[in-house]
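Reader: I would like to understand how the labels on a structure are earned. Could you take me through some of them?

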Amino acid sequence: MGYDYDVIVVGAGHAGCEAACAAAGMGAHTLLVTMDMRGIAQMSCNPAVGGIAKGQIVREIDALGGYTGIVTDRSTLQFRMLNKSKGPAMWSPRAQCDKTQFTLNWRKVLELTPNLDMWQDTVASLTLEGGRVTSVTTLMGTTFTARAVIITAGTFLGGKLFIGQECADGGRIGELASYHIADQLRDAGIAVGRMKTGTPPRIDTRSIDLSALEVQEGDAAPARFSFGREPSTIQGGRQQKVCYIVHTNEKVHEILRSAFDQSPLFTGRITGIGPRYCPSIEDKLRTFAGKTSHQLFLEPEGWDTCEYYLQGFSSSLPTDVQIRALREIEGFRDIRIFRPAYAVEYDYFDPSQLKASLESRLVDGLFLAGQVNGTTGYEEAAAQGLMAGINAVLKIRCKEPFILMRDEAYIGVLIDDLITKGVDEPYRMFTSRAEYRILLRQDNADRRLTAKGYELGLISKERFDDMVAKYETVDGLRQQLGEISLTPADVNLYLESVGSTAIENRKRVADLLSRPDVTLKGLMDAAPEGAMPAIGDAEILEDVEIAVKYQGYIDRERRLADKIMRLENIRIPDDFDFSQVQSLSTECRIKLARYKPRTIAQASRISGVSPADISVLLVYFGR
């Protein structure tokens, strides 16, 4: 082996794995450096992938040629499509995973990726010459040169673990922290802050009375994340694992509150900012003091283990307090745990100092991705890793960066939010963050992005052709259904059965489908044989129904997006001096100088930049 690489990725978490595969997949000679090759893409917290908005991100990663969706499908214990009672813009896939298999499946992907080497060690320092990164040196003294370096160190930079009064160095329990890179980048001018996350206790379900718990089943007809041809584990006929729902009570709360004086969160020992949308149980009790109960989820960690994850009970309280409180939950009287909940505090870098490509504006050739940018969640990390890997290769090839717009992908929303707004708490994606969520549905991620992945070299010709053929079929069926009409005799019995008003005259299928309770399958079953095209593929059926049923909403949002996104075409020079535009407010000039937006549209999303300021810029640039 050699010691010279095109791209070096530091850290083999979810961001690092995607970054390494993307860079190597595009033909770059890539090295992935990890502290522990047994912990690749480890599910440190909840052993699940997807959820509200996060599921959309995973499908986008897959559509671009990333691997998180494929690995998830190979590791799935249970699948659920969340928010099915709402419109398709809100549907979000979620899979409970076998965490051991997830790591093994990711390692298999990495080992089968051409152009990719792995090295087990800790990166101790970077070599910065003339404002750019040129090499990394490990703790064991090995130096590797690179034309681009991607830092994806997760919670390991300056990591500290807290359980009650106890504190230890580490990025995860039992694993060492890293203290070298953050200090060096701080000296290079990169702003470094502290954030906090946490994880709940791991439960031995042999000690739980499961009959006392509420069962949560998976979907009867489970879908998968990947748009490829490979079915998920449970689609092959394997029975899904069940999850359970439990609730805290006043006795649990009383025990927890009695130990607040021992919580490092409340005594000031933890200074990092915690996630508002995934708070610890202590935070919940303080924030929602009037609530007498909180819902928790008991979720399996694997096919062949009795270890379960108690979602919603993150804590940094002493171990004995955690156990006493847990024993007051119904069914938990004789509880045994494998390890207690604990908090992790770690360093992160201000993402507003990044370019849209995720390259640092201060150190040439240095890319940052994942929790080091102030995000939380495997999905957000994986998306950043994929984009950083792509852009690192484009950078060394002197090509324009690959940037997704806010109307193209949740990934575009994520990165734009990070670089234009920064973070004051761990960033988590929600559907509400996307202005164009009717366009950015989980079902059409392949239509939006697979051609882009193919152009980058990350999607095979076979898979691209499959996507083209799929949507040719969908569009053809949609056109047919727009021309077909049904009579009262054909559909009135069905309409009345779903509580919809009967029709008096012949109606187009598209008009009937606009009704809330009417489904395409229902109309197909009700219509006379041969009156409507047969659609046997469930995925095609769903895509056609969405296309027909919501066409008006989709077209309206597309027009709105096109109108607003015109401002994305008005570029601002990288070296533009905003201080020369005296008509801008003082706050605006300060913010624009700090964030250095690429376009007028990006400038409009920065806090403190008013519509009046945008009007001034439009006049200044002759628009």
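Author: Happily! This is a predicted model, and a good place to begin is aspartate 417, which has a relative accessibility of 3% and counts as buried.

Reader: Why is aspartate 417 called buried?

Author: Buried means under 20% relative accessible area. Aspartate 417 comes in at 3%, so the label buried applies.

Reader: And what makes its contact with arginine 406 a salt bridge?

Author: The closest N and O atoms of aspartate 417 and arginine 406 are 2.9 Å apart. The cut-off is 4 Å between a side-chain nitrogen of Lys or Arg and a carboxyl oxygen of Asp or Glu, so this pair qualifies. Aspartate 417 lies in helix 11 (residues 410–421), while arginine 406 sits in the loop between helix 10 (378–396) and helix 11. Arginine 406 is buried too, with a relative accessible area of 3%.

Reader: Which residues belong to the network that includes this pair?

Author: Salt bridges that share partners join Arg406, Asp416, Asp417, Lys421, Glu435, Glu568 and Arg605 into one network.

Reader: How many salt bridges does the structure hold?

Author: There are 47 salt bridges. One of them pairs arginine 74 with glutamate 230, with the closest N and O atoms 3.0 Å apart. Arginine 74 is in helix 3 (residues 68–75), and glutamate 230 is in the loop between strand 14 (214–216) and strand 15 (243–247), 156 residues apart.

Reader: Why is arginine 74 called partly exposed?

Author: Its relative accessibility is 32%. Buried needs under 20% and exposed needs over 50%, so arginine 74 falls in between. Glutamate 230, at 39%, is partly exposed by the same reasoning.

Reader: What about arginine 194 and aspartate 347: buried or partly exposed?

Author: One of each! Arginine 194 has a relative accessible area of 22%, so it is partly exposed. Aspartate 347, at 8%, is under the 20% cut-off and therefore buried. Their side chains meet in a salt bridge, 2.9 Å from N to O. Arginine 194 belongs to strand 12 (residues 192–199) and aspartate 347 to strand 19 (residues 342–349).

Reader: How do you know that strand 12 and strand 19 pair?

Author: Pairing takes at least two bridges, and these strands have eight, in the antiparallel sense, so they pair. For example, valine 192 has phenylalanine 349 in strand 19 as its bridge partner.

Reader: And what makes strand 12 an edge strand?

Author: The open sheet has four strands in the order 11-10-19-12. Strand 11 (166–169) and strand 12 each pair on one side only, and they are its edge strands.

How values were computed: Residues numbered from 1 in each chain as written. Predicted model: local features only at pLDDT ≥ 70, side-chain atom pairs only at ≥ 80, totals over all residues. Heavy atoms only, no water. Buried < 20%, exposed > 50% of the residue type's maximum accessible area, 1.4 Å probe, protein only.
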